[in-house]
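Thank you for making time for this today. I would like to walk through one structure with you, beginning with charged pairs and ending with some backbone details.

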Amino acid sequence: MKYSTCVCFTWSLLTVAVIPVSLGEMYTSLLNVKQAISVERKLIDYLKTYIDHESERLEDVKRFYAKVSGLHTELYKGPATAMANPLVAFTLIKRLHSEWLNIVHSNEAQENTQALRSSYEKEEADLPKLEDLQGAAKGLMRLQDVYVLQVASLVRGLFQRVTEGQPIDIYRPAVSVPLSGDDCFLVGKVAYEQQDYYHSVQWLEESVRLFRGAGGEWIPENAGTLEDALDHLAFSHFKTGNISYALSLSQELLHHDPMNGRVLQNVEKYERLLVRSPPLSITDYGLKRPTSNNLRTRDTYETLCQTQGSQQMHFKNPRLFCDFFTNGNPGLLLLPVRREVLSLQPYVVLYHNFITDTEAEDIKTTAHAGLRRSVVAAGEKQATAEYRISKSAWLKDSAHTTVGKLDQKISMLTGLNVKHPYGEYLQVVNYGIGGHYEPHFDHATSPSSPVFKLKTGNRVATFMIYLSSVEAGGSTAFIYANFSIPVVEKAAIFWWNLHRNGQGNEDTLHAGCPVLIGDKWVANKWIHEHGQEFLHRCSLNPEE
């Protein structure tokens, strides 16, 4: 039996082991997750080779067993008679001296194991790091929160939320992949180590339920056990104020590990606390989701993500319209673009079928090699952040002929100069597990922003192209303007970031909602103020 890993805390103080920092970024891009499939295929082949070799070895072990047990059944019925034969005596002594030794300490077994380990180590550089596991777990919890998903449903491989007491499908996958008790334990443990007991309680409850259902049996691929899950869950409940349940779980843990001094001490403390103050009702200690210091508009943001569509319907606002648009450019006369005006304040337009399937694939393929973890402005520098989970690459117009064609088409539609440095290079983004970008402005809000490094002013406009579709989630939400735009494959969105007087338009605060199901790719073209002097005239009117 595998003993439970000690959780280093006392009843009153939580102490979490320091986790070494790794450079895992696989979870930040679904492309990298897909590439991991090929790595696992290699590992499967290595494991098959190991099984074949071990099967051959075990056949030899079985043969030896059959030989020896047969001798004891037939030849050694009368020990005195058998030992009178010097050949029988010699073979017995030889077998006990060397043959059993060779079977028990098999070089072949060690060679097979070492070959498997060596093969694994060859692929180790391409395997997920600790940060990837933690990031993927945080992605699941992010999806749980933003889309109000039931943990119990996620565990069954379903994406459901409870509406009026009934579970409603948000998305029903063609193939459901249920989670194991160990899967849930690892998600709960990530929350636990962040002292996020709102999430750790929910995931560890499922872990305990599944481990109990499996009879508490440990299997080699598991990182946790029923005892581990009980240990973490008991303390999580204690931290949320549910002392009576923490006591009950600790007592259950003692059945599995009766000599655990730390748990015995906790039981005494919990009993003492309950004597001083009676247990609270369920409503008194109800789990509360942690507040967000960075996301002040969380409720609006999440509501817009859940609606998965625009709130500004055309029939409600006759000033919103659809048409075939040429912008007066001769290059678009024979093939005008289908334009849909989504909002007037801020001015946001959706161009349908802006890009072809072939062009989208060209852009994605060209960007593969350059994808790196997306960064955000941090003073004068740039840094990675939890509120932006994706990978991105920058493509010059020389990277592929398609990039230059897109620049030309963007210029025709917007009437703006998009050539570098008046327009930034095309940024291609691939989102990861629960990939998102919390509410932000595209234009710089600080004079020290890296946006000004081009020395061409602020970002006056954004042109964003959807290079792929998604099955669920991933909408672009405009927070203060109170509308969201679902992912429309091959379409593009355009909006002005600045007023004509050069001031930032606060109504452009927007976010990329977490991708629930799908592989989201976008391409961003940011256009700067300079170079547009005679194309998009400025104004001194503060109302413009």
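Before I point at any pair, let me say how the term is used here: a salt bridge is a side-chain nitrogen of Lys or Arg within 4 Å of a carboxyl oxygen of Asp or Glu. Please also keep in mind throughout that what you see is a predicted model.

With that definition in hand, consider E302, which forms a salt bridge with R289, the closest N and O atoms being 2.5 Å apart. This pair links distant parts of the chain, since E302 sits in helix α12, residues 298–307, while R289 belongs to the loop between α11 and α12, and the two are 13 residues apart. The two partners also differ in their surroundings: E302 is buried, with a relative accessible area of 7%, whereas R289, at 26%, counts as partly exposed.

How many salt bridges does the structure hold? The count is 22, and I will take you through a few of them rather than the whole set.

A second example is the pair E268 and R272, whose side chains meet at 3.9 Å, N to O. Here the partners are separated by about one helical turn, because they are 4 residues apart in helix α11, residues 261–276. Both side chains have some access to the surface, E268 being partly exposed with a relative accessible area of 46% and R272 likewise counting as partly exposed at 38%. There is also a network of salt bridges to look at, and it links K67, K94 and E99.

The next pair takes us to the packing of two helices. The side chains of E123 and K42 meet in a salt bridge, with a distance of 3.8 Å from N to O. E123 lies in helix α4 and K42 in helix α1, so this salt bridge ties together parts of the chain that are 81 residues apart in sequence. E123 counts as buried, at 6% relative accessibility, and K42 is partly exposed, with a relative accessible area of 41%. If we leave aside the neighbours of E123 within four places in sequence, the residues in contact with E123 are V39, K42, L43 and Y46.

How, then, are those two helices arranged? The axes of helix α1, residues 30–74, and helix α4, residues 107–123, come within 10 Å and cross at roughly 175°. Angles over 145 degrees count as roughly antiparallel, and α1 and α4 are therefore roughly antiparallel to each other. On the α1 side the contact involves residues including V39, K42, L43, Y46 and R57, and on the α4 side the residues include E108, N112, L116, Y120 and E123.

Another glutamate worth a look is E206, which is found in helix α8, residues 197–213. E206 counts as buried, at 12% relative accessibility, and, with its neighbours within four places in sequence left aside, E206 is in contact with V151, A152, V155 and C184.

Turning to the surface, which residues form a nonpolar patch there? They are L96, W100 and V104, and together they have about 320 Å² of accessible area. Of these, V104 lies in helix α3, residues 86–104, and V104 is exposed, with a relative accessible area of 57%.

Finally, some backbone details, for which a general reminder is useful: most residues other than glycine have a negative phi, and most peptide bonds are trans. E164 has a positive phi of about 55° although it is not a glycine; E164 is found in the loop between β1 and β2 and is exposed, with a relative accessible area of 80%. N327 also has a positive phi, near 55°, and its place is in the loop between β3 and β4, where N327 is partly exposed at 35% relative accessible area.

As for cis peptide bonds, one runs from Q345 to P346, with omega near 0°, and P346 lies in the loop between β4 and β5. Another joins H420 and P421, with omega at about 10°, and P421 is found in the loop between α14 and β10.

That is where I will stop, and I am glad to go back to any of these positions with you.

How values were computed
Residues numbered from 1 in each chain as written. Predicted model: local features only at pLDDT ≥ 70, side-chain atom pairs only at ≥ 80, totals over all residues. Heavy atoms only, no water. Patch = residues over 30% accessible without salt bridge, like charges linked within 9 Å, V, L, I, M, F, W, Y side chains within 5 Å. Areas by Shrake-Rupley, 256 points an atom, 1.4 Å probe, with all protein chains shown as cover. Buried < 20%, exposed > 50% of the residue type's maximum accessible area, 1.4 Å probe, protein only. Contact = heavy atoms within 4.5 Å. Axes fitted to C-alpha atoms, helices over the stretch in contact; angles between N-to-C directions. Parallel < 35°, antiparallel > 145°, perpendicular 65-115°, else oblique.
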